[in-house]
Amino acid sequence: MSIVTVQLGQCGNQIGQELFNVISNDSHSSRGQCPKTESEAYSICSQERFFSEGQNGAASARAVLVDMEPKVISHTISTAAKSGRWKYGDQSSFCQKQGSGNNWANGYEL
């Protein structure tokens, strides 16, 4: 069973990126309290549920990023790519070309 996260706004995108960092680091870590067989099963399960395999074999997060500003999404995507272990999909984001300018009524029309 796969899980797809929907990351809304700046806070949602930042928390979602941290969530995927923790899952990725946790599943690649060899230090743990569980026996080796359980640790391997956890690693395989978390990779299958939260990530899909991209064209080049890299893990791609199962997530949709939504924000009104492209700056937040581009920063989140670039930070994930710098990790080297996982990235966001090429078409997993949606944003407007401009921000709301701190006018919350603009978000209502989105």
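Two residues are in contact when heavy atoms of one lie within 4.5 Å of heavy atoms of the other. This tour uses that term in a predicted model.

**Stop 1: Ser24**

Select Ser24, which is found in helix 1. Is this residue buried or exposed? Ser24 has a relative accessibility of 1%, so it counts as buried, the cut-off for that word being under 20%. Now display its surroundings. With neighbours within four places in sequence left aside, Ser24 is in contact with Gln47, Phe51, Arg85 and Trp86.

**Stop 2: the whole of helix 1**

Extend the selection to residues 9-28, which form helix 1. This helix has 20 residues, and the distance from its first C-alpha to its last is 29 Å, close to the 28 Å expected at 1.5 Å a residue.

Next, colour its buried residues: Asn13, Gly16, Gln17, Phe20, Asn21, Ile23, Ser24 and Ser27. Turn the view to look down the axis of helix 1; the buried residues fall within an arc of 165 degrees, so they line one face of the helix. An α-helix has 3.6 residues a turn, so residues three or four places apart point the same way. On the other side of helix 1, select Cys11, Ile15 and Val22, which are exposed.

**Stop 3: the aromatic rings**

Return to the buried face and select Phe20, whose relative accessible area is 0%. Add Phe50, which is also buried, with a relative accessible area of 17%.

How many aromatic pairs does the model hold? The count comes to six. In one of them, the ring centres of Phe20 and Phe50 are 6.5 Å apart and the planes stand at 80 degrees, so this pair is edge-to-face. The pair links distant parts of the chain: Phe20 belongs to helix 1 and Phe50 to helix 2 (residues 36-50), 30 residues apart. Then add Phe51, Trp86 and Tyr88, which ring pairs link with Phe20 and Phe50 into a cluster.

**Stop 4: the nonpolar core**

Which residues make up the largest nonpolar core? Select Phe20, Ile23, Phe50, Phe51, Ala59, Ala61, Ala63, Leu65, Ile73, Ala80, Trp86 and Tyr88, twelve residues in all. At least two residues of this core come from each of helix 1, strand 3 (59-61), strand 4 (63-67), helix 3 (70-83) and strand 5 (86-88). In soluble globular proteins, nonpolar side chains tend to be buried together.

**Stop 5: Ile73**

Finally, centre the view on Ile73, one of the core residues. Not counting residues up to four places away in sequence, Ile73 touches Asn13, Leu65, Val66, Asp67, Ser93, Phe94 and Cys95.

How values were computed. Residues numbered from 1 in each chain as written. Predicted model: local features only at pLDDT ≥ 70, side-chain atom pairs only at ≥ 80, totals over all residues. Heavy atoms only, no water. Helix = DSSP H or I, 4+ residues; strand = E, 2+ residues; numbered from the N terminus. Expected span 1.5 Å × (residues − 1). Buried < 20%, exposed > 50% of the residue type's maximum accessible area, 1.4 Å probe, protein only. Arc of directions from axis to C-beta. Phe/Tyr/Trp six-rings, centres within 6.5 Å; stacked < 30°, edge-to-face > 60°. Core = buried A, V, L, I, M, F, W, Y, C linked by side-chain atoms within 4.5 Å.
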